[in-house]
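Here is a walk through the side-chain contacts of a model you have on screen. Have it open and turn it as you read.

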Amino acid sequence: MKIGIVVETKEAEKAWNAFRFGVAAQNGGHQVKAFLLGEGVECEDIRHEKFNVLEQMTLLSEAGGEILACGTCLKLHQKEGTDLCPLSTMQDLLKLVEECDRVLVF
């Protein structure tokens, strides 16, 4: 199954759970693509003693999942795309929604 995950939060526990789910799905044989939207583009910068969001994002990428970040949202949050979360567009989000069997929003 193709699973899309839209992450539009920078709340540590929610973002951590979103990517933990993505890792579990990818490792379970599914294809996972995540899209960071709104304040979700700040996920790479989350630092929390209990919820290591960056670790889960990295695990998802290493397992073959893909993470994209909204270019407009990056600009609004004064950030740039990275190797882990490259700059993307609403067209990329539309394609994700069209291609995926299920889309979850965190």
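Let's start with the aromatics. This is a predicted model, and a search of the whole structure turns up one aromatic pair. The partners are Trp-16 and Phe-51, with ring centres 5.1 Å apart. Stacked, edge-to-face or tilted? The planes meet at 55°, so the pair is tilted; stacking would need an angle under 30 degrees, and edge-to-face one over 60.

The two rings come from distant parts of the chain, 35 residues apart. Trp-16 sits in helix H1 (residues 12-27), while Phe-51 belongs to the loop between strand S2 (31-36) and helix H2 (53-62). Phe-51 is buried, at 14% relative accessible area, because the cut-off for that label is under 20%. Trp-16 has a further neighbour: Arg-20 lies over the face of its ring, 4.4 Å from the ring centre.

Now for the charged side chains. The same kind of search over the whole structure gives five salt bridges. Three of them, including one between Glu-42 and Lys-10, are set out here:

| Salt bridge | Closest N to O |
|---|---|
| Glu-42 and Lys-10 | 3.4 Å |
| Lys-14 and Glu-11 | 3.8 Å |
| Lys-79 and Asp-45 | 2.3 Å |

What does the bridge between Glu-42 and Lys-10 tie together? Glu-42 is in the loop between S2 and H2, and Lys-10 is in the loop between strand S1 (2-7) and H1, so the pair joins parts that are 32 residues apart in sequence. Lys-10 is partly exposed, at 38% relative accessibility.

Then there's Lys-79 with Asp-45, where the N and O atoms come to 2.3 Å. Lys-79 is in the loop between helix H3 (71-76) and strand S4 (87-88), and Asp-45 is in the loop between S2 and H2, so this pair ties together parts 34 residues apart in sequence. Both ends are in the middle class for exposure: Lys-79 is partly exposed at 24% relative accessible area, and Asp-45 is partly exposed at 42%.

As for the bridge between Lys-14 and Glu-11, its ends fall in that class too. Lys-14 is partly exposed with a relative accessible area of 44%, and Glu-11 counts as partly exposed at 41%.

Back to the loop between H3 and S4, which also holds Gln-78. What is odd about its backbone? Gln-78 has a phi near 55°, a positive value in a residue other than glycine. That stands out because most residues other than glycine have a negative phi. Is Gln-78 buried or exposed? At 75% relative accessibility, Gln-78 counts as exposed.

Move along to strand S4 and you find Ser-88. Ser-88 is buried, with a relative accessible area of 4%. Where does its side chain reach? The side chain of Ser-88 comes to 3.2 Å from the backbone oxygen of Pro-86.

Last stop, the surface. Which residues make a nonpolar patch there? Val-97, Val-103 and Val-105 do, and the patch covers about 230 Å². Val-103 lies in strand S5 (residues 102-105) and counts as partly exposed, at 37% relative accessibility.

Conventions:
Residues are numbered from 1 along each chain as its sequence is written. This is a predicted model: local features need pLDDT of at least 70, side-chain atom pairs count only at pLDDT 80 or more; totals for chains, interfaces and linings use all residues. Side-chain values use heavy atoms; hydrogens and water are left out. Rings of Phe, Tyr and Trp (its six-membered ring) pair if their centres lie within 6.5 Å; planes under 30 degrees apart count as stacked, over 60 as edge-to-face and the rest as tilted. Helices (H or I, at least four residues) and strands (E, at least two) are DSSP runs, numbered from the N terminus. Buried means under 20% relative accessible area, exposed over 50%, partly exposed in between (1.4 Å probe, protein chains only). A charge sits over a ring if NZ of Lys or CZ of Arg is within 6 Å of the ring centre and within 35 degrees of the ring normal. A salt bridge is a side-chain nitrogen of Lys or Arg within 4 Å of a carboxyl oxygen of Asp or Glu. Patches are made of residues with over 30% relative accessible area and no salt bridge: like charges are joined within 9 Å, nonpolar side chains (Val, Leu, Ile, Met, Phe, Trp, Tyr) within 5 Å. Accessible areas come from the Shrake-Rupley method with a 1.4 Å probe; for residues, only the protein chains shown count as cover. A polar contact is a pair of N or O atoms within 3.5 Å; within protein, one must be able to donate a hydrogen and the other to accept it, and residues adjacent in sequence count only if both atoms are side-chain atoms.
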